[in-house]
Amino acid sequence: MKISAKDVALLRGETGAGMMDCKKALVEANGDMELAKDNLRKKGQKLSAKKAGRTANEGVVIAIASDDSTKGIALNLSCETDFAAKNEDFISFAKKIADIALDSFPSTKDDLLNLEYESGITVGQKVTEHTAVVGEKIEVSKYECLEAPSVISYIHAGYKRGVLVGLNKSGDKNAEVGKNVAMQVAAMNPLAVDKDGIDASIVQKEIEIGKEQARLEGKPENLLERIAEGKLGKFYKENTLLNQEYVKGSSKETVGAYLKGVDNDLTVTAFRHVALGK
């Protein structure tokens, strides 16, 4: 049957698929718009399965906070090529998913994928559809959420990194402070807020490394443990946010000291860091 250009354009507008794919789907469905959409969705599912084993290390990271700054989400919508990641439609798609996530505030990525994207279609199904549109493996590869008295979001380096920082106090003056701390997280990639947040297994690994280093230096066996524990101070300074040297500071002050300079009781409750390929 003859398929009108208007119907092809309508189907393309609703699905985002290419013009030729839309025309072919309408022809196969004998002009039935709903069946054509279903067929395109199936095609996306097949393409998604075919590309499941491929690597998707490109994409965009979105980090946003609520209007009242009490919660925020960060996610990575990944794809295979930088070319696809820079497409405005792809970025808009990632932002739409982020808006849905912030509105419903799911606790896990699976919960996010099961949210409704539009009538009758979940976020996960829409991602599968978009695989057919872009022609690459696409997935929500990471998702994080955070609640605090004040949550500040920051997107770094052209959607390559997204950070959420939670502060223990709200207030307009803390927005700039939170952004500065978020930039610190993006630049220095700390493991935790302070040493209490470092996993015990990581601490034990660092102790073992420190002991072996001391042993190779010829230190007495009975002193190895003490020497290794002494080396932990440097590890904490380099890998915990509050103890890191504040990169925007003019002196050797730590992030914790920077916060106390603003408000003696101000501190970071938590942070989330999402980056491409990590």
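**Notes on helix packing and cores**

1. A good place to start is the pair α8 and α11, which run roughly antiparallel to each other, because their axes cross at roughly 175 degrees and an angle over 145 counts as roughly antiparallel. Please keep in mind that this is a predicted model. The helices cover residues 173-188 (α8) and 255-262 (α11), and their axes come within 11 Å.

2. Which residues make this contact? From α8 they are K173, V177, N180, V181 and Q184, and from α11 they are V255, Y258, L259 and V262. Sorted by class, six of the residues in the contact are nonpolar, two are polar and one is charged.

3. Next, the largest nonpolar core, which has 27 residues; I73, L75, L77, I97 and L112 touch the most other members. Two or more residues each come from β1 (58-65), β2 (71-79), α4 (82-85), α5 (88-104), α7 and β5 (139-147). The largest share, nine residues, belongs to α5.

4. I73 is worth a look on your screen. Leaving aside residues up to four places away in sequence, I73 touches I62, A63, I64, A98, A101, L102, F105, Y143, E144, C145 and L164. Another core, of 20 residues, lies apart from the largest one, and its members include I152, Y154, V165 and A182.

5. Finally, α7 (residues 123-134): this helix of 12 residues reaches 16 Å from its first C-alpha to its last, close to the 16 Å expected. Nine of its 12 residues are buried, among them the charged-class residues K126 and E129. Just after α7, G135 takes a positive phi of about 80 degrees.

Key:
Residues are numbered from 1 along each chain as its sequence is written. This is a predicted model: local features need pLDDT of at least 70, side-chain atom pairs count only at pLDDT 80 or more; totals for chains, interfaces and linings use all residues. Side-chain values use heavy atoms; hydrogens and water are left out. Helices (H or I, at least four residues) and strands (E, at least two) are DSSP runs, numbered from the N terminus. The expected span of a helix is 1.5 Å times one less than its number of residues. Buried means under 20% relative accessible area, exposed over 50%, partly exposed in between (1.4 Å probe, protein chains only). A nonpolar core is a set of buried Ala, Val, Leu, Ile, Met, Phe, Trp, Tyr and Cys residues joined through side-chain atoms within 4.5 Å. Contact means heavy atoms within 4.5 Å. Axes are lines fitted to C-alpha atoms, for helices over the stretch in contact, and angles run from 0 to 180 degrees between N-to-C directions. Angles under 35 degrees count as roughly parallel, over 145 as roughly antiparallel, 65 to 115 as roughly perpendicular and the rest as oblique.
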